[in-house]
Every structure is written in C-alpha cells, then in structure tokens.
Amino acid sequence: MFRTKFTKTNFYRNLVIFLALLGPGIITGSVDNDAGGITTYSVAGAIYGYRMIWTLIPSLIVLLVVQEMNARMGIVTGKGLSDLIRENAGFKITFFIFVGLFLSNIGNTTTELAGVAGSMEIFGVSKYISVPIVTFFVWILVVKGTYMIAERIFLIFSASLLTYVVSALMAKPQWREIGSAIIRPGIEMNTQSITMIIALVGTTIAPWMQFYMQSSVIEKGLKMKDYKFTLIDIVVGCLVTVVVAFFIMVACGATLHPGGIMINEAKDAALSLKPLAGELASHVFAFGLFVASVFSATILPLATSYYICEAFGFESGIDKDWNEAREFYGLYTFILVISAIIILLPHAPLIAISIWSQVLNGILLPVVLVSMILLINNRKLMGDYTNKPFQNVIGWGAVGMLVILSLALIILPVLSR
Amino acid sequence: MTSLTTFYLSGIIGKEVFGADGDAIGVIKDLLISAVPSGLNDPNQQLVIGMKLKIGKELKHYSFKTFRVVKAREMLSVTCTDLIELSSDEVNNGLELVENILDKQIVDLNGRKLVRVNDVRLATLMTGTFVVAVDIGIEGLLRRIGVSIPIKKFLSLFRINIPAKFILWDDVQAFDFSNLNIRLSKSYAKLHTLHPSDLADILEDLGKKSRASVFSALDEEKAADVLEELEPQTQIHIIESLPLDKVADVLEKMPADEVADILDEIEDERVELLLREMDSESSQEVRELLEYPNNTAGSLMTTDVLSFKAGRTVDEVINELRIKKPEQSELYSLFVTEENDELAGTFTLRDLVVSKPMTGIIEIMKSEPVFLYDDQKVDDIAEIISKYNLLAIPVVDRENLLQGMVVVDDVVEDLMNKRRTNKR
C-alpha cells in the first residue's frame, strides 16, 4: 500500500520513474566504463590510433551473449553466479576464480583511486588529500548502508561520460580511416599488441561484471515474462559501454596518436583535450572521470567481497552489521585500504598495475565463461531455458579466442628471445 | 585396531580403494547415507550405507558393509573385501553426500540461518560408519585446498587458532534434492519448529526452486504466518510459482488486509483466479479492501473487528470473547454499534477487565470516538494514533457504518517502509 509516495513535485516523480526503469543491464554497462576502462581505451588510442577499434565489435557481441546468459540464469535459478559455481564446480575451481578475482579487483580498485587522484589533480587537488577523503567517504557510504541511493546518483553523474563523444567530434577524426581500420582489422603478432588486445577485451567484459549482473537481476526480482524488457535493457547497456569506448579511442587516436604523444593515465587524456577544446571541456572530462572512478571504487570492492563471501559461505550484505558479517566488512575494508596505500606510495607503478589487472581479467574471463556455459546448459538447473546452439557457438568461440590470445601472450616472449 | 576412527568427506573422495589382495579396485566418488536429514533424532538416518565407485569408466553404488576406512599415522586408507552392488531402490531412498550436501546451502536449525557446507565429518564405530557433523568453518575451506595442516602449524607459532565450526547432523536441514524423489513434507519436518520470521529470512536467501518447494511443504497455518513476514518481492514470487489452490488455501488463513496488500502487487488476471479459488467469505472481504485507492484509510484497515450492541453486559462480552478466541490485534479496540452497524462508541479490554460483570457496556464505552472515513487520505495517521494514545482507530464509511479499523502495527510497518524507501 501507499505506493504513490512521491507526489511532491512532478520533477521528482519523473526522476523516480526514470530511475526505476534503469535496469541491471544499463547499470552494469555504465559501471563498466570505469577509470580502468577509460585508461585502457585512451592508451590504446594513443599508441595504436584507430587500429584497435575493431576489437570493440567482437567484444560487443560477446558482451551481449554473456550478459543475456547471466540474466537468464539469474531469472531462472534465482541464485547468484558464485553460488552456482560453488555448488556445481566444486571448491577448487571456486577458490581459483575468487583468488584471481580478488587480486585483479585490488588492481582495479587501485586504478579507480588513481582515476580519483588524477582527475582531482586537474582541479589542483593533491592526491594526498583527495584519495584519503574519497576512500573514507566510500567506506562510510557502504558501512552506513546508504549505498543504494548513492548508486542512483552516481549513475546520473556518469552521464557526463558522454562528453567523450563531444571531445571525439571536436578532435575532427578521419572517419574514412576509422572505417577502413574496422573493416580490415590487423593484429600485430607481438607481446605488446596482444597484451593490449587482452586488456581491451578484459576491461570491456570484466569477469566481476558477470557476477554483478546476475545479482542485480535477482535483486530486481525479474521474471521470465519480463524477459523482453531485460533483453532491451541489456542491449542498451552494452551499446552504452561500447559507444563510449569507441569515442574515447577515436578522441585519443585522432589527437594523441598522430603527434606520437604517449599517455599513461586517463588524466593525461583529459589534459590533452585542453589545447584542442579549451579548459571547460577538459574540466568536464575530468569531472566525468572523477565520478566514474568514485562510483566504481564503491562498487568494485563491495561486489568483490560480496561474491567471495557468498561462495565461501560467510555472512554478507550491507543490511548486516559489522558483527554479523565480519568477513564481509573485513574484506571490503582491506581491499579499499590496500588500494589507497598503493596509490599513495611514491613512484607506485600505476600504469603497470592498471594494465596487468586488465590482463588478469582477460585470463580469468575464459575460466568464468566456461563455468557459465556449463552451468547454463545444465538441464537440472535451467530446465527448458538452456542455451540455443548459436549462443553456445559464440560462447565457446569467445573462450577459444581468449585462450589463444592468452597462450600467445605466454609463448611470444619465449619465441622472440 | 581402534574402536573409533573419524575422518572427513574431503579426505576420502578421490581416494583409491584397495582390495584384500592389495590391488586397486576403483576411485571413491561419493558416499550414500540411508536417509535425508530431517532434523529428527534418528541415528539410522546418519548411517553410511553405500559407496559410489568409479571402476574403469563405470559409476556404480556398492554396499558400504564390506568397506573399511582405516587411519594410520594421519593417513586414510580404504579397503574392501567384496563388492556388493546396491539395488536402485536403496540408492534412490538414500542421500549422496557430495551430490546433495557438500558445497550446498543448508539450514543450521540451531543458529536459524543458511550456511554453506565446506566439509562433512564422519566417524566409524563398531556398529558402522556415521555422519556426525558438517563443517562450516574456515578450517574446512583450507582442508579442501589441502593447506589446512601447514597453515595451522604456521599459525600455531603465533598462538593463533583457526576456530572450527561444526553443526551437528541433528541440526542440519538440507534443501538441494533436485534429483531425488523425496516426500518433502517429511524431510522438512523440523523446519516447522522455527519462528515464522526466521523461516521467512531463510526463504528469502534461498534459490527459487528450493524456496517454492520448502514453502509448499509447510502446513497452511505456518505458511500463512511465513508469507506475512516475507518481503513483497518474495511474496509475489511464491504466489506466482505455486499452484492456485495451494495459494488460495494459505491466503484464506491470513488477515484480509494483508492479503489485499499482496494481491495489489500481482497481475489482475491471477488475482481474479485466486479470489475465485478462495472461499467466498474471505474473498469478499479482500475484494472490498482492494477497491480502496492507495493511501486511504480503507486500504490500510483490517476488517477483522469485534463489535457489540450497547445493551450487552461486561460478562456477556467476556464470555463471547472466550468462545471466539480472537487474535491479539483484534482486541486492540472493541466497538459498540447500533442495530444498523453505525458506530456508537469504543471500549477496551482494560475497561472490561476492571468493571463488574453485570455492568452494561453502555456505561463503560467512550462515545463520540476518534474515527477515520474509509476514503480519507491518511498521511498523518501516525500522528493521530500517537496524539490520542490509541492502539487502533475505527474506520467508518460516509454513513457512519463501521467498516474496520486501522491498527498500530500496520501504521508502524507503513512508517518503516516509508523510511526505508527514503533512505534508498
């Protein structure tokens, strides 16, 4: 009863309806464009120009198929992905996946805080001030349990990521070249470019997203009759991710690559906009980066500790207090604090941490995907909603490609010696 | 020979079984116990009766009687004198530990919450091998990846203990029977001993299939109590996934205002089907409540009220209450009505108790009570309730006929929902 709670102003009500419509797919897609992603896309654009843009197309297809599988599994079983993996794959595989997820997400969280530090430095705030404050803010947000409303606010602000579209257009990119680079993709067979491809795929289809996606589907209480809307939601979410990634790569490819300017952080990309589009654009870009970073710095450690606790059978959830769910809050605090410490160390190898945590994602991804495909084809779990043949083909194809790329990454340095 | 050997399930799975002549026979895949844990105190249901072996490429169940588990210097070895295959009946009536218990969620009936099984502890006595407890602690996890002993030794240098956490088998309630044909009501027997709110918490944490199957195993009274306690989203899921007649039976046992609240969230078609399935008296009350728009007194009120004529005596009223045995909340306020149901006054249980038996109700009742109209918007109902120190406010229609009452419990619940929504 009392469902018409928001009658104060029309604006407020419309806002609430709008937020209610935001589905798991769109939220996951927005979280996906985090500081790590922005950094990786910018660096790829600066080094390779338009030559890496083609990776977004296979990424989009795999992303769509994977997220659809997540949604379907969540709707049918009502169980989280880590639950399902633990129950069906045994403890050893679970352990491997979650240790990997734990390490890569410490790296990812570090990258998010680097995004905070970098973007605030553009506004002239030292990282020794911004990082501790943001870390504390994020920590208290979750421990005090006001995280749900924060998620929505973040999401609105992350619309500022669309400024990348503007900045890309202002950079006057050579569309003909972009077109031909997409149509005739080329892979250079060397460690650097393969590392970059894995990092790009790993950041676009981050393994933790699959866990996050499935949980949000369950939390929304979606049912099979909502499936059509869920599908639209997923498509929009994936498109948001890929479109923003595309324009970041175009912007950096058009401005930084021809001049041979090497960048190391997303901050550098923001700075490089200044001479081209003026200080305002640079500031808006930096603001977008800041919001995206804080958003992901909240969600990543939270999600990670949530799935680890779920898989290992510890009490978890932000509705529990510290004493009830000690492991959960302990893990959450640990990930945040350790990431903040890494950032504040002088001469911390931030770029290496950022790229290698994306690579770790890329290596972890096939393991998670294999588990997912096996689970979703399990009739005992899924009943009539197992995969169709084409979904299996794309799923296994993606796994195959990722494994080949990962192997190439290991073998190439040996061969070139 | 020791009379008692204890070992862990994780220590025995994947081990090779050796025959009397010392040759390897096959690899252990699973252990079969005689019955599903029901929380009932029955030592026989803990007995290990079978062993699933992989011999060559074949998986088969064999009787455990011919097997022996021996522990010598911390090393487990399993020997077998003879292979006796179990009939499919015996296998179907039993429960496989790896398949149904290990890594699964179970209810800890003692701690009243869901936990995940990291390992299972077994013991061999003279009379057979029994399941003793399930391990839900960190030590069990470490054991699974084979680093429990070195880590324990390392930590003992610093005098740190890894606490072991066990749940006795008697307190275990398993759920994951997806591949078994088990009579559920029997196997969930001990769940009935849990408080409805604890059961509701557990149901909310379960997967969809287990949730529906556990819920349908509850008797109607218990099911109604649990359904009331569930979050709206889980309520909807249960109502939509269970057969109509079962849901209707449960809803009949619930107060009409709660039912109306739930049905408000469900598709109209299904609501209609459900209302038709319910007995006409209950469904009529619900229908009336459903017609009130949200945020009106009518939508919040309960129609379960007790009203009496002014000419009755205290003694008569008390006797009637003894016969009716109304729920606690129905007694929050008692009403006096005219012949045509028009509200004339209110009185309380206290008024009855402190008055002499032959006193007339008309002498103890408070006339001109505070009331709400059923179509009145009630944003400030909490203030009215607290201002007049009421447990319940009568609700009347525009002709002053008594329709029901709004009780303080529902007001508090509504306030809390509002606060939660604002917080998010």
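Which elements of chain B have the lowest and the highest mean pLDDT? In this predicted model, helix H6 (residues 184-187) of chain B takes the lowest value, with a mean pLDDT of 52, whereas strand S16 (residues 334-337) of chain B takes the highest, at 92. The pLDDT falls below 50 over residues 179-185 of chain B; in the model, this stretch makes 8 contacts beyond near neighbours in sequence. Where pLDDT is low, the predicted coordinates should not be read in detail. Averaged over chain B, the pLDDT is 82, and 92% of the residues score at least 70. For the model, the ipTM is 0.73 and the pTM is 0.76.

Chain B is partitioned into domain 1 (5-172), domain 2 (195-291) and domain 3 (307-423). A distance of 39 Å separates the C-alpha centres of domain 1 of chain B and domain 2 of chain B.

An open sheet in chain B is built from 3 strands, arranged in the order S10-S9-S14 with antiparallel pairing. Strand S10 (113-116) and strand S14 (172-174) of chain B each have a single partner strand and occupy the edges, so one side of each lacks a neighbour in the sheet. On average, neighbouring strands of this sheet are turned by 40° against each other, direction ignored. The antiparallel pairing of strand S9 (residues 105-108) of chain B with S14(B) extends over 3 bridges. Within this pairing, B:Val107 has B:Gln173 of S14(B) as its bridge partner. In general, strands of a sheet pair through backbone hydrogen bonds, in either a parallel or an antiparallel sense.

Definitions and conventions
Residues numbered from 1 in each chain as written. Chains lettered and ligands numbered in written order. Predicted model: local features only at pLDDT ≥ 70, side-chain atom pairs only at ≥ 80, totals over all residues. Pairing = 2+ DSSP bridges. Helix = DSSP H or I, 4+ residues; strand = E, 2+ residues; numbered from the N terminus. Axes fitted to C-alpha atoms, helices over the stretch in contact; angles between N-to-C directions. Domains from an automatic or database assignment. pLDDT = per-residue confidence, 0-100. Contact = placed C-beta atoms within 7 Å.
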